[in-house]
Amino acid sequence: MSYLVLKGINKIYPNGYHAVHDFNLQIEKGEFIVFVGSSGCGKSTTLRMIAGLENISKGEFLIDGKRANEMGPRERGVAMVFQSYALYPHMSVYDNLAFGLTLQGVDDDVIEKKVMNTAKILGLTDYLDRKPRALSGGQRQRVAVGRAIIRKVDIFLMDEPLSNLDAKQRVTMRSEITQIHRETGATTIYVTHDQTEAMTMADRIVVMKDGYVQQVGTPHALYFNPVNMFVAGFIGEPPMNFIDAVMKNGVLDVGGNTVDLNKLADKDVIKKYEGKEVALGFRPEAIKLTSKGEVNDAYRISCKVELTELLGDNTNVYVDINGVKSILKVDPHDSPELDTDLEFAIPYKSVYLFDKETEKRIKLTKE
Ligand code: ADP
């Protein structure tokens, strides 16, 4: 049996608001799980139910095979890091790290060893005498993480721990947290609204929307095999392009360009969606500029360049396909001129199709 099991978990707040619906997930020991989704989708609520800070309205939560719904936070063996660092301002870094152990009555020499070891892992050895106000945001966040990992718990819960840091510090802390996870091996559940954090840190990602789990999978699976338009649009930056069209004889008219799905899709798929509205999806980074050479097995699309953003490692090109807007990601050396005509190709293997009514992905072939 999996280490952590969430079975049909629901949260209905006392005011009647149903924040989490039938959340099902099995987590293996040592996994790094990320809950991702826009603000208000129920990530923190779910994490707080796992922590024992909110009661579970319906469903069952098991830790190592034992029902944990009624266990208090301490009994569950969890440590939690919050967005606000919640450090004691009048205490030194050393005392902030030692505090929990002191409360537990751990011997001073054991505490010293643990504090020194934790400080070393987190690069805080030179700051042990300082008070929190004399630290940078990144260093404060490290102390907060240190306070959680010093307790040697089995389950590590983090709620948007990096959102108060600037962009550069976030990137550094991201890899540090991944490194700490490797060293401690603690089962970790991490909440964020940032898809980049989810993609770079997670073993598996849980995408949520409006209190419902949309998809659970590895970063690779969510990027290449999204189950619906929400996941397809949420994972990836810039997001996947969607172009609405009605299927006629298996052909989509994309701003005057012909996208003939008969070349790709099984006959029964074509038949099922005949006359229906679908959305063609393709990722900005999946396209090829036809000016760069012949592209086989691809749909060709003509468009006009409306705006370019040079980002250094690539250029985002905003194009107009006869009234339909899309974003293309190209090599910065291939940045096109504004207001010029451009032709690009969408390789068949990078084409996605969605049912506009249900927003679910349409599998083009049976495989
Ligand atoms: P997230 O972490 O994804 O931003 P939350 O889990 O914090 O979302 O909140 C999910 C929904 O539940 C939100 O609409 C929020 O307003 C609501 N909510 C959170 N806490 C309470 C509460 N104590 N009472 C009523 N509604 C709440």
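**Close-up views of the predicted model**

Buried residues account for 49% of the 367 residues in the protein, and the model shown in these views is a predicted one.

**View 1. The protein as a whole, with its helices and strands.** The protein contains nine helices and 20 strands. Taken along the principal axes, its C-alpha atoms fill a box of roughly 75 × 45 × 35 Å.

**View 2. The residues that surround the ligand.** The shell around the ligand is formed by Y13, N15, Y17, A19, S38, S39, G40, C41, G42, K43, S44 and T45. Sorted by class, this shell has four nonpolar residues, seven polar residues and one charged residue. Helix α1, which runs over residues 43–51, gives the most to the shell around the ligand, and its share is three residues.

**View 3. Polar atoms of the protein beside oxygen atoms of the ligand.** A polar backbone atom of G40 is 2.6 Å from an oxygen atom of the ligand. Side chains are found beside ligand oxygen atoms as well: a polar side-chain atom of K43 lies 2.9 Å from an oxygen atom of the ligand, and a polar side-chain atom of S44 lies 2.8 Å from an oxygen atom of the ligand. On its own the ligand has 570 Å² of accessible area, and the protein covers 63% of that area.

**View 4. Helix α1, from its buried residues to the glycine that follows.** Helix α1 is mostly covered, with seven of its nine residues buried. The buried residues of α1 are K43, T45, T46, L47, M49, I50 and A51, and of these K43 and T45 are also listed among the residues that surround the ligand. After α1 comes G52, a residue whose phi is positive, near 90°.

**View 5. Helix α3, with its buried residues and its exposed residues.** Helix α3 spans residues 108–122 and has 15 residues; from its first C-alpha to its last it reaches 21 Å, which is close to the 21 Å expected at 1.5 Å a residue. Within α3, the residues I111, V115, T118, A119 and L122 are buried. These buried residues lie on the same side of α3, because they cover an arc of only 100° around the axis. On the other side of α3, by contrast, D109, K113 and K120 are exposed, where exposed means over 50% relative accessible area and buried means under 20%.

How values were computed. Residues are numbered from 1 along each chain as its sequence is written. This is a predicted model: local features need pLDDT of at least 70, side-chain atom pairs count only at pLDDT 80 or more; totals for chains, interfaces and linings use all residues. Side-chain values use heavy atoms; hydrogens and water are left out. A residue is near a molecule or strand if one of its heavy atoms lies within 4 Å of it. A polar contact is a pair of N or O atoms within 3.5 Å; within protein, one must be able to donate a hydrogen and the other to accept it, and residues adjacent in sequence count only if both atoms are side-chain atoms. Accessible areas come from the Shrake-Rupley method with a 1.4 Å probe; for residues, only the protein chains shown count as cover. Helices (H or I, at least four residues) and strands (E, at least two) are DSSP runs, numbered from the N terminus. Ala, Val, Leu, Ile, Met, Phe, Trp, Tyr, Cys and Pro count as nonpolar, Asp, Glu, Lys and Arg as charged, and the others, Gly among them, as polar. The expected span of a helix is 1.5 Å times one less than its number of residues. Buried means under 20% relative accessible area, exposed over 50%, partly exposed in between (1.4 Å probe, protein chains only). The arc is that of the directions from the helix axis to the C-beta atoms.
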